[in-house]
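Let's take a friendly look at some aromatic rings and the company they keep. Have the model open while you read.

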Amino acid sequence: MHDYNMNPLSMFFWFSNRPLFLLPSFIGYGLTPGSYVGLNVVEAALIFGKGFAAFLLLKRLLPKNSALAFVFGALVMVYPVGFFSLRTTASHMGVLCCLLAAYLLIRLWERFRWITLIGVLLVQWIGLATYEAGLPLTLLTPILLLGVEKHLSRRLILYTVLWLSAPLYATYAFLKTLSGGTSYQSSLFSASGLSPDIGMAIKQLVSSVWQMYLRHFLTGWLDAFSLLKGGIGNETSLTI
């Protein structure tokens, strides 16, 4: 367990590729020092926050279908099944930032404002500095603009470049620090007594991220639907 009595600023340098990884824990401890109550509050806020952000995003994309946006937001909060754990607080924060940044991107597309652009880049950076597993999804987010614009245009390319500036830099910074002594992955090698191996680290990371996305977008939903097959009367279904 990390020492939260340390200098507060030192947490930003705990892992070079995840400088904000401990931010949710730090906030939780600040709310209720000496207990996990505050961290549970932070976890709950992040879960509800990502559901609300998902609702806002889909409502902006499909303004005439509020019901679908509401259901989508609700499902984002509760699926995939088994994702409620204090070990995943940073992951929830990463998802929230990704959804919120995508929502702000759509708002920026509808009306360019410098404050919105700053918000897009800042929220992206916070999410990626917390947990880099959101990089693949963040890199693909401009596809939403293609769905809105319906064709490739100079404006679409400009907004895509603006959006990608944050994740591309995050990718560069991540690869640069992956084999360093202060990255999260290299700390695992050190703890196991092995010397840092960037090739193995990338292989393990890709495998872990693949499993996470698979759980989020396929197997988690399949598990949920299989449990719901028994109907509303099924006790297991009611507890999901």
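## A buried tryptophan and its partner

Trp 109 is buried, with a relative accessible area of 7%; buried here means under 20%, exposed means over 50%, and partly exposed is anything in between, using a 1.4 Å probe and protein chains only. Tyr 159 is buried too, at 6%. Keep in mind that this is a predicted model, where local features need pLDDT of at least 70 and side-chain atom pairs count only at pLDDT 80 or more, while totals for chains, interfaces and linings use all residues. Residues are numbered from 1 along each chain as its sequence is written, and side-chain values use heavy atoms, with hydrogens and water left out.

## Rings that pair up

Rings of Phe, Tyr and Trp (for Trp, the six-membered ring) pair if their centres lie within 6.5 Å; planes under 30 degrees apart are stacked, over 60 edge-to-face, and the rest tilted. That rule gives four aromatic pairs. In one of them, Trp 109 meets Tyr 159 edge-to-face, with 5.2 Å between centres and 75° between planes. This pair links distant parts of the chain, since Trp 109 is in helix α4 (residues 89-110) and Tyr 159 is in helix α8 (residues 154-177), 50 residues apart. Helices are DSSP runs (H or I, at least four residues), numbered from the N terminus.

Tyr 159 also pairs edge-to-face with Phe 112, at 6.5 Å centre to centre and 80° between the planes. Where is Phe 112 on the scale from buried to exposed? Phe 112 is partly exposed, with a relative accessible area of 37%. Put Trp 114 together with Trp 109, Phe 112 and Tyr 159, and you have one aromatic cluster.

## An arginine over the rings

Now find Arg 155, which lies over the face of Trp 109, 3.9 Å from the ring centre. The charged end of Arg 155 also sits over the ring of Tyr 159, 5.0 Å from its centre. For a charge to sit over a ring, NZ of Lys or CZ of Arg must be within 6 Å of the ring centre and within 35 degrees of the ring normal.

## What Leu 145 touches

Leaving aside neighbours within four places in sequence, Leu 145 is in contact (heavy atoms within 4.5 Å) with Leu 105, Ile 106, Trp 109, Leu 156 and Tyr 159.

Note on methods: Helix = DSSP H or I, 4+ residues; strand = E, 2+ residues; numbered from the N terminus.
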